[in-house]
Structure formats: structure tokens, C-alpha cells
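Biologist: Mind walking me through this one? I'd like to hear the reasoning behind the labels as we go.

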Amino acid sequence: MEGEGVRLGRNAGPSDGGKPPLGKPVLASHSSFVRSRENNMVPSEPEKSLMEESCGNNYVPIIRSGACADKGSRRSMEDVYFCCDDFTKDYGIQDFDEEPSAFYGVFDGHGGKHAADFACSNLLKYILQDEDFPMDMEKVISSAFLQTDSAFAEACSDNCSLESGTTVLAALVVGRSLIVANAGDCRAVLCRRGKAVEMSRDHKPSCSHERRRIEALGGYVYDGYLNGQLSVARALGDWHMEGLKGPSGPLSAEPEVIVTRLTEEDEFLIMGCDGLWDVFRSQNAVDFARRKLQEHNDPVICCRDLVDEALKRKSSDNLAVVVVCFNQKPPPVLTSPRPRVHRSISAEGLKELQSFLDSLSN
């Protein structure tokens with residue numbers, strides 16, 4: 001049984017079994033859409049804005065995406081995905097000519113799927129409505145995560161049956177910039193000329209950087225669980241769990257954001273819930289997906305391939321996978337120069353050779 005997801009954009013309408021986002025916004029033109037300089041967007045060239053990055057280079061990513069979700073061996077499905085290949089078109093944004101403009105999300109719910117559904121339906125809306133979009137993307141995305149978390153808390157206060165939580169992994173492609181924001185243990189991995197580049201960090205309570213943050217806020221880690229209750233250190237929702245959320249609670253909804261500038265060597269991005277990464281290492285997933293894309297060059301089928309392989313490898317969790325390709329062509333076959341062979345001969349071999357040469361001279 002496949003899980004629910006939302007697909008929008010050039011290549012597809014709502015997917016089979018999916019549902020449209022709640023309150024799809026139609027946004028008016030805003031002064032923030034005007035080209036302007038931005039600080040600290042791309043670490044290698046912090047003085048350039050998202051708009052300026054693509055001006056000095058002819059490379060423009062060509063976006064294609066696919067997604068797949070499966071309940072797996074679980075009794076219920078709590079994973080949700082969201083794909084939008086062109087939010088400029090789909091959300092009626094005016095005076096924003098950056099190409100491409102895409103958004104993708106993977107939401108791994110726990111304790112129910114209400115939080116995952118809520119985040120899936122509202123996160124992009126908060127991003128696009130922010131007055132600092134698109135100039136300060138790191139700030140905008142972080143703010144959107146926190147706004148979504150607060151809005152869900154209000155929804156739960158009105159209806160306690162919604163109480164649940166979700167991890168959130170989001171990726172935006174704006175021009176040549178790839179921005180990935182993560183709160184939880186979903187993971188995004190970029191394939192750069194066949195090499196896996198991790199674009200997110202798993203937020204497990206036992207990780208040293210998360211443990212320090214948790215303990216500084218008065219929390220603790222017991223047997224790998226945050227306050228003995230939750231297997232992730234960051235998530236949206238979970239307001240009903242005592243001692244976890246709030247201004248000084250150890251469970252954070254603030255994402256870590258990683259930004260990179262895409263080049264011709266960047267082939268595709270894999271986004272998956274922890275059910276995928278329980279049975280795939282990052283490089284292993286890239287190698288597998290790359291072979292499949294070379295065979296059929298279809299990101300939708302590639303996602304199904306990844307999910308099917310995870311099930312074969314006995315993943316015990318729900319599965320949700322998104323693959324975003326940055327080129328119309330399949331990944332190229334990589335050839336590497338033949339390494340120079342360094343040959344050596346043992347002392348015993350030298351003695352045998354010397355004996356043979358001596359025998360020839362006699």
C-alpha cells in the first residue's frame with residue numbers, strides 16, 4: 001500500500017492517492033522579489049545574491065522529479081511527501097523570474113500523521129509569504145519551520161485529536177542554488193559526478209552535537225531517546241509530550257540549513273525518510289539510483305526502485321523517497337584513467353633471477 005503525497009508542477013498534477021495542499025495561496029507581487037544583494041547565501045561567494053549567481057554562468061538546472069511512498073511492514077502510514085517543480089507558476093507568484101523555482105519535502109510523522117499532513121500543507125506557504133523571500137533564504141526557511149510548528153500547536157489546542165509530531169526535510173531549488181533544511185532524521189544526499197554529498201545531518205539524540213544542545217536546555221538522553229521519549233532530537237509538533245517543547249524545551253523545531261550552488265557535475269538529489277537510510281548508506285543509495293537512472297532515466301521509477309530495494313533489505317519502517325534530477329539526460333558513464341601498475345619482486349625472486357642469468361653465462 002502506497003502512502004500519500006502531493007505532486008505539483010510541470011510534469012504532473014496531484015498524484016494517484018494524493019491530495020492537494022490546504023489553502024493553496026495566490027501571492028501578490030512583493031518588493032522582496034526585486035533583485036538585490038544578499039549576504040552569506042553561498043559560502044564560497046558570500047557577496048552574491050541568488051539572483052546574481054546565475055548571471056555569470058550559462059548553466060541552468062533542468063528540473064525533473066519523482067516520488068514514492070510505501071507503508072512497508074507498519075500497520076499505518078505516517079510518511080508524506082511534497083513535490084512542486086515550479087512554485088512560481090503553481091502559486092501565482094508575480095515578478096519572480098528566477099528559473100528554476102522548485103520545492104520538495106519529506107515528512108516522517110510519529111504518533112499519527114496529522115503533524116506530517118499539516119507541515120506538508122503549510123510549510124511552502126509560509127516560505128513564499130515571508131517578506132524576506134527570496135533574499136535571505138536561510139532565515140526565511142528557518143522562520144517557516146518555526147511558524148509551521150507554532151501554527152500546529154494552535155491547531156492542537158483547538159483539537160487534541162491532532163496531537164502528533166513529524167520530522168521535516170525540505171529542499172528548494174532557486175536558480176542555481178540548492179537549499180536544504182532539515183529537522184529530524186530524514187536525509188538528503190546529492191549525487192555529484194557519482195559521489196555522495198550529504199546535504200543534511202541526522203538529528204539523533206545520541207549524536208554529540210545534539211546531546212550537548214539537549215543537556216544545555218535541561219534535557220537528557222536515555223538509551224538513545226530524548227528524555228526517554230523520542231528517538232529524534234528535532235521535530236515539529238509533539239506539543240503534547242511533557243517537558244519537550246516550549247521556549248527552552250530540548251526538542252527543537254529549528255532546522256539546520258545547508259546551501260550549495262549547483263554545477264554541471266550535480267546529477268540528482270535523493271531525499272528519504274529514515275526508513276530508507278536504515279538499509280542504505282548514502283553512497284550506496286547514490287550508486288543504486290545512478291544505475292537505475294542510467295537504465296531508464298525516469299525519476300519516478302527510480303523512487304519506486306529505491307523503495308522496492310529497501311523493502312527487500314527488510315526496512316521495518318514507512319518509506320518515502322523523492323528524487324530530483326538536474327538534467328534531462330541520464331547520468332553519464334564515468335571512466336577513470338587506468339592506474340599505473342607498480343610491480344616489485346621479492347628477494348627470493350631476485351635470487352632465482354640471478355641464478356637463471358648465471359646459468360645463461362656458463
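Modeller: Sure, and bear in mind that this is a predicted model. Let's start with a helix pair: H7 and H8 pack with their axes 9 Å apart, at an angle of about 135°.

Biologist: What makes H7 oblique to H8?

Modeller: Roughly perpendicular covers 65 to 115 degrees and roughly antiparallel starts over 145. The angle here is about 135°, which falls in neither range, so H7 counts as oblique to H8. The crossing of the two is right-handed.

Biologist: Which residues make the contact?

Modeller: H7 brings Ala285, Phe288, Ala289, Lys292, Leu293 and His296. From H8 come Pro299, Ile301, Cys302, Asp305, Leu306 and Glu309. That contact splits into eight nonpolar residues, one polar and three charged.

Biologist: How do you know that Lys292, Asp305 and Glu309 belong with the charged ones?

Modeller: Asp, Glu, Lys and Arg count as charged, so Lys292, Asp305 and Glu309 go there. His is not in that set or among the nonpolar types, so His296 counts as polar.

Biologist: What about H3 and H4, at what angle do they pack?

Modeller: Helix H3 (residues 114-129) and helix H4 (residues 137-158) pack at about 135°, with their axes 9 Å apart. That angle makes H3 oblique to H4. Their crossing is right-handed. Among the residues that meet are Phe118, Leu123 and Tyr126 in H3 and Ile141, Phe145 and Phe152 in H4. This contact has 13 nonpolar residues, four polar and no charged.

Biologist: On to the sheet. In what order do its strands run?

Modeller: The order is E2-E14-E13-E7-E8, an open sheet of five strands with antiparallel pairing. E2 and E8 (195-198) are at the edges, each with a single partner strand, so one side of each has no neighbour in the sheet. From one strand to the next, the twist averages 20°.

Biologist: What packs on that sheet?

Modeller: Helix H7 (residues 282-296) does, touching E7 (187-192), E8, E13 and E14, with its direction at about 120° to that of E13. Helix H8 (residues 299-312) packs on the sheet as well, touching E2, E13 and E14, and its direction makes about 30° with that of E2.

Biologist: How do you know that E14 pairs with E2 and with E13?

Modeller: Two strands pair if there are at least two bridges between them. Seven bridges join E2 (residues 64-70) to E14, and five join E13 (residues 266-272) to E14, so both cases meet the cut-off. On the E2 side, Ala67 stands opposite Val322. On the E13 side, Phe268 is the bridge partner of Cys325, and Ile270 is that of Val323.

Biologist: Why is E14 called mostly covered?

Modeller: Buried means under 20% relative accessible area, and seven of the seven residues of E14 (residues 319-325) are buried. Leu319, Val321, Val323 and Cys325 point one way, while Ala320, Val322 and Val324 point the other way. In a regular strand, side chains alternate between the two faces of the sheet.

Biologist: And what share of the whole chain is buried?

Modeller: Buried residues are 54% of the 362 in the protein chain, which has nine helices and 14 strands. Of the contacts between residues at least 6 apart in sequence, 68% join residues at least 24 apart.

Methods. Residues numbered from 1 in each chain as written. Predicted model: local features only at pLDDT ≥ 70, side-chain atom pairs only at ≥ 80, totals over all residues. Heavy atoms only, no water. Buried < 20%, exposed > 50% of the residue type's maximum accessible area, 1.4 Å probe, protein only. Helix = DSSP H or I, 4+ residues; strand = E, 2+ residues; numbered from the N terminus. Axes fitted to C-alpha atoms, helices over the stretch in contact; angles between N-to-C directions. Contact = heavy atoms within 4.5 Å. Parallel < 35°, antiparallel > 145°, perpendicular 65-115°, else oblique. Left-handed = near helix turned anticlockwise from the far one by under 90°.
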